[in-house]
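The following exercises concern one protein chain and its three-dimensional model. Each task is followed by a solution in steps.

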Amino acid sequence: MDLEFTSSHLALREAILDLCSRFDDAYWLNKDRVGGFPEDFYRAVADAGWLGIAMPEEYGGSGLGITEAAVMMLAIAEAGGALSAASSVHMNIFGLNPVVVFGSDEQKRRALPPLIRGETKACFAITEPDAGLNTTQLTTRAVRNGDHYLISGRKVWISTAQVADYMLILARTTPLDEVKRPTDGLSLFYTKLDRNYIDVREIDKMGRKAVDSNELFIDGLLVPVADRIGEEGKGFQYILHGLNPERVLVAAEAVGIGRAALGRATRYAKERVVFGRPIGQNQGIQHPLAISWAELEAAQLMVFRAAGLYDRNLPCGPQANAAKYLAAEAAVKCCETAILTHGGYGYAKEYHVERYLREVMILRIAPVSPHLALCNIAEKVLGLPKSY
Ligand SMILES: Cc1cc2nc3c(=O)[nH]c(=O)nc-3n(C[C@H](O)[C@H](O)[C@H](O)COP(=O)(O)OP(=O)(O)OC[C@H]3O[C@@H](n4cnc5c(N)ncnc54)[C@H](O)[C@@H]3O)c2cc1C
């Protein structure tokens, strides 16, 4: 068992850190204050060819695996842009996995190259106000009429919908009371986000101001049948396919934010002198930092364990859930420790650690909550009765 990164992984990490160094802490602090999509950062990542890291080569991507994408996302978050940076490119990196796996060649030719070149942006429209984590209960309807569907309904928390040109949307094509299983009858579409039929309202939220999240009110959106991904009624299965790699990537982002916070806290603990000695000489300051180091290292091992399984086409559900759970918990704890290490200054924006905490909280909640990640492990690994 080899747990070391290869020289290409390390070179990839260095290249990403080098690119990110053009966007310093002041850049991200300003984005945190005034908002606005980090277009110049996004453009830099696109121009350097990184958006297609895990996309097939025949559509302009690099054809690398989720392992390499995780190395990349970890470095982006760790460089100080935290989730504001990671979320601005996250959708391009892996969001269109259902199109890659289940779309037709014609759909891939239409969708992937512009996304990889950074010419179009897309959002992922699944969550609904009245369904929550129970996706099968979503009520957005897609009704077929000849060569079109008419979509109406409501979505919530949809990130980047302010700037997106396209959306990957899950809607019910067969009513719930007409299907055998609630997972049947949902269909997936990759289609234009036409603002004439979609009212996009930004949610004022705790952090990551630069990357918007929104409510979507969809009223009679006309969607060509050609925009349906795969078969009608199988959308839920298609979405499931992409969940594990997405968990791996967000877990990598959490580890990256934890590392950024740990780095800042450690530097501060060496420099800040109180009672005539650096605060880092006190075990009460040292131990929580050392625990965070150990927890982030452990979480990282699970991230790359899950990524490796996925890249070898092996089942990785429990490992991906464990990686997401461990990384988010460790990172949130580490960011809180970093604030405490800074004392009162930890609460000041110019020290950045409070920004990290506000952003990393998202990774505890989404895309799956700690409860549901643990429910999956309890059921699938421990054989306990399904609880949800
Ligand atoms: C900043 C942000 C960005 C997001 N971006 C997107 C996006 O781009 N696209 C998208 O589709 N969604 C997005 N989401 C939505 C996100 O995936 C959901 O918020 C998340 O899946 C939780 O759903 P919910 O908020 O409806 O919680 P609910 O389903 O209402 O759950 C509330 C709480 O109850 C717990 N709970 C519920 N049922 C059970 C049970 N049976 N056992 C134990 N605990 C339970 C949950 O774990 C959770 O803690 C985003 C969310 C945030 C905060």
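**Exercise 1.** In which helix is Pro113 found? Determine also whether Pro113 is buried, partly exposed or exposed, and which residues Pro113 touches beyond four places in sequence.

*Solution.* The model is predicted.
- Step 1. Pro113 belongs to helix H6.
- Step 2. A residue is buried at 20 or more C-beta neighbours within 10 Å and exposed at 12 or fewer. Pro113 has 17 such neighbours inside 10 Å, and therefore counts as partly exposed.
- Step 3. With residues up to four places away in sequence left out, Pro113 touches Tyr59 and Gly60.
- Step 4. The C-alpha atoms of Pro113 and Glu57 are 10.0 Å apart, although 56 residues separate the two in sequence.

**Exercise 2.** Locate Ala75, and explain why Ala75 is classed as buried.

*Solution.*
- Step 1. Ala75 sits in helix H4, which covers residues 66-95.
- Step 2. Within 10 Å of Ala75 there are 22 other C-beta atoms, so Ala75 is buried.
- Step 3. Apart from residues up to four places away in sequence, the contacts of Ala75 are Arg13, Ile16, Leu17, Cys20 and Gly256.
- Step 4. For a pair separated in space, take Ala75 and Gly185: they are 110 residues apart along the chain, and their C-alpha atoms are separated by 39 Å.

**Exercise 3.** Which residues touch the most other members of the largest nonpolar core?

*Solution.*
- Step 1. The largest nonpolar core contains 117 residues, and those touching the most other members are Ala70, Val248, Val303, Ala331 and Cys335.
- Step 2. H4 contributes the largest share of this core, 19 residues.
- Step 3. Consider Ala70 individually. Neighbours within four places in sequence aside, Ala70 is in contact with Val248, Leu249, Ala252, Val303, Phe304 and Ala307.
- Step 4. As background, nonpolar side chains in soluble globular proteins tend to be buried together.

**Exercise 4.** To which strands is E4 joined by bridges, and is each pairing parallel or antiparallel?

*Solution.*
- Step 1. Strand E1 (residues 122-125) and E4 run parallel and are joined by 4 bridges. Within this pairing, Phe124 has Leu168 of E4 as its bridge partner.
- Step 2. E4 and strand E5 (residues 186-192) run antiparallel, with 7 bridges between them. Here Arg172 is partnered by Leu186 of E5.
- Step 3. Turn to burial. Strand E4 spans residues 166-172, and 7 of its 7 residues are buried. On one side these are Tyr166, Leu168, Leu170 and Arg172, and on the other Met167, Ile169 and Ala171, with both faces covered.

**Exercise 5.** Describe the domains of the chain, and state how many residues of domain 1 are in contact with domain 2.

*Solution.*
- Step 1. The domain assignment gives domain 1 (7-116), domain 2 (122-233) and domain 3 (237-380).
- Step 2. Between the C-alpha centres of domain 1 and domain 2 the distance is 24 Å.
- Step 3. Contacts link 20 residues of domain 1 with 15 residues of domain 2.
- Step 4. On the side of domain 1 that touches domain 2, two or more residues come from each of helix H2 (25-34), H4, helix H5 (97-102) and helix H6 (105-116). H4 gives the most, with 6 residues.
- Step 5. By class, that side of domain 1 divides into 10 nonpolar, 8 polar and 2 charged residues.

**Exercise 6.** Which residues come nearest to the ligand?

*Solution.*
- Step 1. Of the 22 residues around the ligand, the nearest are Ile126, Gly132, Ser369, His371 and Tyr388.
- Step 2. At least two residues of the shell are supplied by each of E1, strand E3 (148-159), helix H10 (353-365) and helix H11 (370-380).
- Step 3. Domain 2 and domain 3 each provide at least three residues of the shell.
- Step 4. The shell is made up of 14 nonpolar, 7 polar and 1 charged residues.

**Exercise 7.** Compare the settings of two non-glycine residues with positive phi, Ala82 and Asn313, and then identify the geometry of the peptide bond from Ala366 to Pro367.

*Solution.*
- Step 1. Ala82 has phi near 45 degrees and is placed in helix H4. Ala82 counts as buried because 32 C-beta neighbours lie inside 10 Å.
- Step 2. For Asn313, phi is about 60 degrees, and the residue is in the loop between helix H8 (283-311) and helix H9 (317-341). With 7 C-beta neighbours inside 10 Å, Asn313 counts as exposed.
- Step 3. The peptide bond from Ala366 to Pro367 is cis, its omega being near -5 degrees. Pro367 lies in the loop between H10 and H11.

Methods
Residues numbered from 1 in each chain as written. Predicted model: local features only at pLDDT ≥ 70, side-chain atom pairs only at ≥ 80, totals over all residues. Contact = placed C-beta atoms within 7 Å. Pairing = 2+ DSSP bridges. Core = buried A, V, L, I, M, F, W, Y, C linked by C-beta atoms within 7 Å. Domains from an automatic or database assignment. Nonpolar A, V, L, I, M, F, W, Y, C, P; charged D, E, K, R; others polar. Near = placed C-beta within 6 Å.
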